[in-house]
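Q: I am in my first year and would like to take a careful look at one part of a structure. Please take me through it slowly, in connected prose.

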Amino acid sequence: MLRWYRLLLRAFPKSFRARFGRDMAEVFADRLADARHRRVTNVARLLVRTGLDAIAHGLAERRLDRRRKRRSPMLSGITSDVAYALRLMKRRPTFTGAALLTIALGVGANVATFSIVRAVLLERLPYPEPGRLVHVSLRTDQSPTGGRVPRIPVFEFLQSNSPMLRAMAAAVPREGTLSGAGRPVHLQASEISAAMPEVVGLPPVAGRGFVPDDYRAGSDALLISDRFWRSYFGSDRAAIGRRVRFDTEPRTIVGVMPEAFDIRGAAERTDVRVDVWLPLIWLNGEGSIGSNITARLPEGVDLQTATRAVDRLMPQIPFDSSAERAGATGIALVPLEERGRAYARPGLHLLQGVAALFLVLACANLANLLLVESGSRRREIGIRAAAGAGRWRLVRQTLTEAAVMACCGGLLGIALASAAVPLLVDTASWALPRADRIGIRWIELSFGFALALVTTMAAAVVPAWIGTQTHLVASLRTSRQVTAHQRTRTIRAAFVAIQVAVSLTILATAGVLIHSFSRVVNLPLGFDPHGVVIVQVPAGSDGATSSAQVRALSRLHAELSSQFSQVAVANSMPYTTSNMGPATPASPSGRYERFGSAVYRRVSPEYFEALRIPIVRGRPFTEADRTGAEAVVIVNETFVREFGPGGEIVGTRMRLGRRDVTVVGVAGDTRNYDLTAPPQPAVHWPIAQQPAGLVTFAIRGSSVGAVASGVERVLSGIDPDVAPWRVDTLESRIRYSLAQRRFFFLVFLMFAVLGAALAGLGVYAVTAHAVQLRARELAIRLALGSTHHRLEWLAVRQGFVPVAMGIAAGLAGAWCAGESLSAHPTFSEQLYQVTSHDTATLAAALATTTLLGAAACWLPARRIAHTDPASALRLD
Amino acid sequence: VPLPNRLIDVDARLPLKPIVFQILLSLADGERHGYGITQDILGRTAARMRLEPGNLYRNLRSALDDGLIEESGRRPARELDDERRRYYRLTSFGRRVAAAETSRLEALVAEARGKVWWPRRG
């Protein structure tokens, strides 16, 4: 905001700025802080006021400056035009407000969209020659664009045999607890193979990067991120060389790397931030390789050449089995910059399209406002012409006014965008790559101003030309009862029709998304997340829990159970984690009937009660289901449908994996990660019979704060290596899973509402003006015996003609939009049980537009029909 | 080179622009910075006169140029002070001009009181 004001201060001459600029910015900052304490509208009012004030006084000061220096008359002509325009704006606050708001909304929406597009699609990655970075995977018959991860021997073969992939590195994500240097923290980490520094090409911020020695067994080197160095160690150089423990293993911090050293975070996801790097060591080709393999192509080699060269190695690749070789068709090299963008692009293009449509709407609205306005200034223009102003001079005056308006509106729009962008980023950060780069910078500022100027000029040209047509005598003689020329009326009607058409198109398109979103959020979860707090215990290094954690767990369970009534323990829960296991139920005779997999959950007896998952048949688990007792499971309904024996499943014995179990109950289905994904088959085991290392607690009827303090009390008495555990509500997990849908929903809802409001305002302004011009005629009709009703009906009928034309065009537009969008992957992905030609939605959009149009025609008609005919006749 | 203030006739500065007069009034009780002046004026005029920074500093500039006010070198107590801000105070010339403007307005008001401003009914 302050930056915005400093920019405005450039209206003042340099000497003035040097003398008072800083103080003025201070005053502005104080006022802003003041206004923020109160309300948002105050901030908006302050921005408009200080903006206009700075421009008006800045220009006046410049004029004073120039008068001292004597400058050319042409320029002074323009400054006086500008000053006049500012005075006019001040004198007509309603018109100015409406016009500025229109420009600001159109520009704001497009600047916000552009700032996202710039960051995500246009900006280069922060690496030297980022175009040389490629993601490496195997092409197969099923995925011809690549995607299968090569196994370690294949990776090593490619690295040593292809000169194209010499600089190739793998990164394996993991989590862990850093301790031994103050309070323990749970961090995202990444194990990276030896060539990573060469691939990334960024030098360390402090200390050193990994060297080949770090990849010998027994090495204890560890790198931390710049961000973590700053927040945890306060950028202290003594942190380098410090001994710490990571997941209880002793380590030494050897260096600090820039944040972009984490390629995946920089190129694709910004919601997972890696703060620790460890060497990735494979022993005899054993270990994990992850799915993020990146290579830096040699200098001067383009993608096709590299791909051809690598593909030539295919026959020699030492595949493990013939099955592995059979599917593989080649090596896929995908430019890293493209990888992150690819899935964001369709959505952003869609967003841009809607923003552009919205701009058209704003432009038409503005043109209409200006036309109406120029109509009411005929007399002034006539006087100017009579005094000797040429047509060009008059057009120049009008266009200068438009330019001034564009600047003010553009500023307001940029201010709107800079307020909206943080909100957007907040909702979008998990869904967009490089979301942290989104913001209002110089390029957005210039884009916003250019857009405001172009739009306003485009909208102002026709009104300027028509408005300055001077029929001298006619315009001077009469003031009010001159009705607009037929041509002007036609143009106005055309603008109204355009607005209605565009707004109906946006409304129908957005309506489909909104309809779909409302369907999705109303889908049954299968459990009741309301009021459930969950505590997740972080995974240890080897996937098992340390003895300290096991001790802490049992103590925590006892502690929590003493405080809260319903405490459930499970190794996995819906919307946290879901472990898969084999679901090859066989009768004890050993005959397999079906093959498949199911979600495995080890749960305590309270689990079903705490999450309110119904037991449909049979019984829930009890305390009696412990080790030594009969092995039992509870399956869910989908499991019964897919793998059930046909008859009653409760009481049957079956073999799951290597265990013989008895099914004692059937639970209801639950959605596990996405509302729209069909429920998966699930098997529940009593946790007492199948002890689990990693667990999640679910507590019903408590608050996050109470649980967190309970957890902290328990932890404070135990091993200092245990990092704080995550305490969260189950509902927030579900909200997170809906974030992408919600983002689209919110953006489109905003466009739809604003678009409809703009169109409604446009129709209202035109009808009000038309009716105003005919006030005298209507008064005469009334005096001659017509009724209020008839007059209202007359005005509505005539005002509604262009609205009806717009609706017809809008229906066609909505159909075309639906047609092209149904072919659009991101869009159709967002639709759930709704087609892009949803009749109900279209009908709703149609009804809304019709009602809005009718109301916008009727309101001014009613007002004019109810004025006293005598006063209307006396007007001139 | 501008003339020293004591050689300039106070009356040549009259009438003062209302905003300038308000600024002089604000500074009559002591030194203030820009924001302080706007807040003071806002309070005294029941929020009718709201000075935006551009307007304020242009008028401060002209008052400075006319020698009615000056920048103050002194600062209030350290804990109340804000290092970044510039403070202004009245010059003795400014005080004399403000006094002259006050008596001019007094005379004007006294004269106006003697008139009848609304036509009598009937």
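How many residues of chain B are in contact with chain A, and how many residues of chain A do they touch?

A: In this predicted model, 18 residues of chain B are in contact with 22 residues of chain A. The size of an interface is often given as the accessible area lost when the parts come together. Here chain B and chain A bury about 2,100 Å² between them, and 49% of that area lies on carbon and sulfur atoms. Within the area that chain B buries against chain A, 31% is supplied by Tyr35(B), Tyr57(B) and Arg58(B), which is more than any other three residues give.

The next step is to ask what kinds of pairing occur across this interface. Between chain B and chain A there are five salt bridges, and one that can be looked up in the model joins Asp65(B) to Arg19(A), where the closest N and O atoms are 3.8 Å apart. That distance fits the cut-off used here, because a salt bridge is counted when a side-chain nitrogen of Lys or Arg is within 4 Å of a carboxyl oxygen of Asp or Glu. In addition, 10 residue pairs are found in polar contact across the interface of chain B and chain A, with both residues of each pair at pLDDT 80 or more.

It also helps to see which elements of chain B build its side of the interface. Two or more residues each are given to the side that touches chain A by α2 (34-44) and α3 (53-65) of chain B, and α3(B) gives the most, with eight residues. Sorted by class, the residues on this side of chain B divide into six nonpolar, four polar and eight charged.

The linings of the cavities can be read in a similar way. There are 10 cavities of 30 Å³ or more in the model, and the largest cavity holds about 180 Å³ of space. Its lining consists of 16 residues, of which Leu370(A), Ser374(A), Arg377(A), Thr398(A) and Glu401(A) lie nearest the centre. By class, the lining of the largest cavity divides into eight nonpolar, four polar and four charged residues, and α12 (336-375), α14 (391-428) and α15 (442-467) of chain A each supply at least two residues of it.

The second largest cavity holds about 80 Å³ of space, and the residues that line it include Trp4(A), Leu47(A), Gly51(A), Leu100(A) and Cys408(A). Its lining has nine nonpolar residues, one polar residue and no charged residues, and the largest share, five residues, comes from α3(A).

Technical notes. Residues numbered from 1 in each chain as written. Chains lettered and ligands numbered in written order. Predicted model: local features only at pLDDT ≥ 70, side-chain atom pairs only at ≥ 80, totals over all residues. Heavy atoms only, no water. Contact = heavy atoms within 4.5 Å. Buried area = accessible area lost by both parts, 1.4 Å probe. Polar contact = N/O pair within 3.5 Å; in protein donor to acceptor, adjacent residues only side chain to side chain. Helix = DSSP H or I, 4+ residues; strand = E, 2+ residues; numbered from the N terminus. Nonpolar A, V, L, I, M, F, W, Y, C, P; charged D, E, K, R; others polar. 1 Å grid on protein atoms, 1.4 Å probe; cavity = no way out; pocket = protein on both sides within 12 Å on 5 of 7 lines; lining within 4 Å. Points joined across faces, edges and corners; volume = space filled by probe spheres on them.
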